[in-house]
Amino acid sequence: MNTRGLRSQLKDSVPVTGLCPQAGAYGVPDTLRKGFSSVKNELIPSHPLELSEKNFQLNQDKMNFSTLRNIQGLHAPLKLQMEYRAAKQIQRLPFLQSSNIALDTLRGGDDSIGFEDILNDPAQSEIMGEPHIMVEHKMGLL
């Protein structure tokens, strides 16, 4: 048996204690002091544009509100935000998917066709359930 090759492999290996930053004195994660570890919370975005794309509509609204405030004054973005909130509260019954056409019209997206318009057909949705049970659950009767 060639022990020389084995020693060189062990010497070049990375120590295990440096891989787990939450490890305690015995190499086991200290759940009592650090809490439960979640892989989802520790993940970083895979691409720099991922966060930007997730927050696109929010960033677009902020930019539109600031432009509107500079042009027309403080009352214009406040009025538009109230209209957005009112349009978001309009919903169909819980077992029917809402189209949010009022909110889409306020944001100016009613005249464009996007990916979600074609491949997000509510008729093909898998969420359809028993209407009576879903309404009773929404009203807190169940």
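These legends accompany close-up views of a predicted model.

**View 1. The whole chain is built from helices, with no strands.**
The protein has nine helices and zero strands. Read from the N terminus, its elements run α-α-α-α-α-α-α-α-α. The chain holds 142 residues, and 6% of them count as buried. Its accessible surface comes to about 13,000 Å². Carbon and sulfur atoms hold 58% of that surface. Among contacts with a separation of 6 or more, 22% join residues 24 or more positions apart. A search of the whole structure turns up three salt bridges. The views below take up these bridges, one helix pair and a few single residues.

**View 2. Helices α5 and α6 meet at an angle of roughly 140°.**
Helix α5 covers residues 56-72, and helix α6 covers residues 75-89. Their axes come within 7 Å. The two helices are oblique to each other, because an angle has to be over 145 degrees to count as roughly antiparallel. On the α5 side, the contact uses D61, F65, L68, R69 and Q72. On the α6 side, it uses H75, A76, P77, L80, Q81 and Y84. By class, this contact has six nonpolar, three polar and two charged residues.

**View 3. D61 forms a salt bridge with R107.**
The closest N and O atoms of the pair are 3.2 Å apart. D61 lies in helix α5, while R107 lies in helix α7, residues 101-107. The bridge therefore ties together parts that are 46 residues apart in sequence. Is D61 buried or exposed? D61 counts as buried, at 9% relative accessibility. The cut-off for buried is under 20%. R107 counts as partly exposed, at 30%. Which residues does D61 contact, leaving aside its neighbours within four places in sequence? They are Y84 and R107. D61 also appears in View 2, where it is one of the α5 residues that meet α6. Y84 is among the α6 residues in that contact.

**View 4. E50 and K54 form a salt bridge within helix α4.**
Here the side chains of E50 and K54 meet, with 3.7 Å from N to O. Helix α4 spans residues 49-54. How many residues apart are E50 and K54? They are four residues apart, so about one helical turn separates them. E50 is partly exposed, at 29% relative accessibility. K54 is exposed, at 59% relative accessible area.

**View 5. K79 and E83 form a salt bridge within helix α6.**
The side chains of K79 and E83 meet at 3.8 Å, N to O. K79 and E83 are four residues apart, so about one helical turn lies between them. K79 is partly exposed, at 49% relative accessible area. E83 is partly exposed, at 31% relative accessibility. The helix that holds this pair is also the one that contacts α5 in View 2.

**View 6. N100 has a positive phi in the loop between α6 and α7.**
What is the phi of N100? The value is about 50°, although N100 is not a glycine. The residue sits in the loop between α6 and α7. N100 counts as partly exposed, at 31% relative accessibility.

**View 7. A102 in helix α7 is shown with I90.**
A102 lies in helix α7. A102 and I90 are 12 residues apart along the chain. Their C-alpha atoms are separated by 8.5 Å. A102 counts as partly exposed, at 33% relative accessibility. Helix α7 also holds R107, the partner of D61 in View 3.

**View 8. H132 in helix α9 is shown with F95.**
Where is H132? H132 is in helix α9, which covers residues 131-139. H132 and F95 are 37 residues apart along the chain. The C-alpha atoms of H132 and F95 are separated by 8.7 Å. Is H132 buried or exposed? H132 counts as exposed, at 58% relative accessibility.

Key
Residues numbered from 1 in each chain as written. Predicted model: local features only at pLDDT ≥ 70, side-chain atom pairs only at ≥ 80, totals over all residues. Heavy atoms only, no water. Axes fitted to C-alpha atoms, helices over the stretch in contact; angles between N-to-C directions. Parallel < 35°, antiparallel > 145°, perpendicular 65-115°, else oblique. Contact = heavy atoms within 4.5 Å. Nonpolar A, V, L, I, M, F, W, Y, C, P; charged D, E, K, R; others polar. Buried < 20%, exposed > 50% of the residue type's maximum accessible area, 1.4 Å probe, protein only. Areas by Shrake-Rupley, 256 points an atom, 1.4 Å probe, with all protein chains shown as cover. Salt bridge = Lys/Arg side-chain N within 4 Å of Asp/Glu carboxyl O.
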